[in-house]
Amino acid sequence: MEPYLNQEQLDYIHAHIPENIRLLESLGRIPAPSHQEDQRAAFVKAWLEKEGAQGVYIDKAKNVVYPLGCEGEGPVVVIMAHTDIVFPDTGELPLRVEGGRMFAPGIGDDTANLVQLLMSVKYVLSRRLTPACGIVFVANACEEGLGNLQGCRAIVDAYGERIQEFLSFDGYTGCVTDNAVGSHRYEVTVRTAGGHSYHNFGNANAIYYLSSMIQTLYEKQVPKEAKTTYNVGTIAGGTTVNSIAQEASMMYEFRSESHACLEEMEAFFQSVTDTYRKMGVDVSVEVKGIRPCRQGVEEDALRRLTERNRAIVEAYTGAACQAGASSTDANIPLSRGIPANTLGVIRGDLAHTREEWIDLASVEEGFRIALAVILHYF
């Protein structure tokens, strides 16, 4: 006896696995860098409309939004999966099927999860189901990297206090995110006079000062209150081997589940940059992204949401489902006091690499989880 889905629903899922995989193949080839999700957004909007969804629109943030039963000012639940992937490709993405696996950049993060959301919406439409409260289905933009969760921010801004719960499908099966890893991301640029490496020897070198600054940042002992990390992810600068570098830059971030820890890291970072400015070094700092931590969430409501979703995952996987912190679209609602979870509905590996793959045998399992999660609200 299935605990959440009846036999008709299980039969529907099984019968639609070939369509699920065909949709995955189609969507998985469409490029979607953050801020450039237009092709996927257009595809998803057209697909939903073909399935009978009415009132679907693409907002200014490039989210595809399908509000169902959201008239008036009553409570709503937001359910989303993101369209963007981490790779900059603007041409068709390479995709192949081999040994029961589908390989493509971004195929698990987050294409397969988006497909499970879409196929669940198809079931809702096919059965003309009425939600217990308003449901806002979203294929959202700008979850990855420097997208800075802009798509999710736009949805939470739009619906505000009406949102009683929030869900996103992201990552791999077996974990529910119920806490937010906050992050601050900066581009730091150092500029100096530079000059010819021989004739102007002794002039200030931007690369030297940037590398010295990095060394100082890496001497920081991280706070112990909560897991806190930092990283210099990229460096760039200089022109030729015989030129004293006039400019050098880096991308720097720090992360934590704790506001207090983020504040400590922020204060240290600002003190370092200020110190180099006082030494006469031209240092500019540009904010590239701020992801907030959880705050103000009613803990019992969050616990109930998390336990329900963990139970669904465990029912259809037969394995324990862990809950923990991550950096996902759930950061935004969690930072605004809204109970939120992110969970994966596909099995795979090598996310954020061009060799990412998903296990096609897990599509049916993931479809069951996604539909059971969604049907709770119907």
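## Close-up views of a predicted model

**View 1. The largest cavity encloses a volume of about 70 Å³.** Welcome to the inside of this model, which is a predicted one. The count comes to one cavity of 30 Å³ or more. Its lining is made by Val-44, Leu-48, Val-64, Tyr-66, Leu-114, Leu-117, Leu-118, Val-121, Phe-137, Val-138 and Ala-139. Sorted by class, these are eleven nonpolar residues, with no polar and no charged ones. Which elements each supply at least two residues of this lining? They are the helices α3 (38-50) and α4 (107-126) and the strands β2 (64-68) and β6 (134-140). Helix α4 gives the largest share, four residues.

**View 2. The largest pocket holds about 420 Å³ of space.** There are 21 lining residues here, and the closest to the centre of the pocket are Asp-109, Asp-170, Ser-326, Ser-327 and Thr-328. Two elements, β8 (175-180) and β16 (340-343), give two or more residues each to the lining. If you are thinking about the chemistry of this lining, its make-up by class is five nonpolar, nine polar and seven charged residues. For the largest cavity of View 1, by contrast, the classes are eleven nonpolar, no polar and no charged.

**View 3. Helices α6 and α7 pack with their axes 11 Å apart.** Helix α6 covers residues 206-217 and helix α7 covers residues 259-278, and the angle between them is about 150 degrees. The crossing of this pair is right-handed. From α6, the contact draws on Tyr-209, Ser-212, Met-213, Thr-216 and Leu-217. Facing them from α7 are Phe-268, Phe-269, Val-272, Thr-273 and Tyr-276. How do the contact residues of α6 and α7 divide by class: what number are nonpolar, polar and charged? Seven are nonpolar, three are polar and none is charged.

**View 4. Four strands form an open sheet in the order β4-β5-β18-β17.** The pairing throughout this sheet is antiparallel. Why do β4 (96-98) and β17 (348-349) each have one side without a neighbour in the sheet? Both stand at the edges with a single partner strand, so one side of each is left free of a sheet neighbour.

**View 5. A closer look at the pairing of β17 with β18.** Strand β18 spans residues 357-359, and two bridges join β17 to β18 in the antiparallel sense. To find your way around this pairing, start at Gly-348, which stands opposite Ile-358 of β18.

How values were computed
Residues numbered from 1 in each chain as written. Predicted model: local features only at pLDDT ≥ 70, side-chain atom pairs only at ≥ 80, totals over all residues. Heavy atoms only, no water. Pairing = 2+ DSSP bridges. 1 Å grid on protein atoms, 1.4 Å probe; cavity = no way out; pocket = protein on both sides within 12 Å on 5 of 7 lines; lining within 4 Å. Points joined across faces, edges and corners; volume = space filled by probe spheres on them. Nonpolar A, V, L, I, M, F, W, Y, C, P; charged D, E, K, R; others polar. Axes fitted to C-alpha atoms, helices over the stretch in contact; angles between N-to-C directions. Left-handed = near helix turned anticlockwise from the far one by under 90°. Contact = heavy atoms within 4.5 Å.
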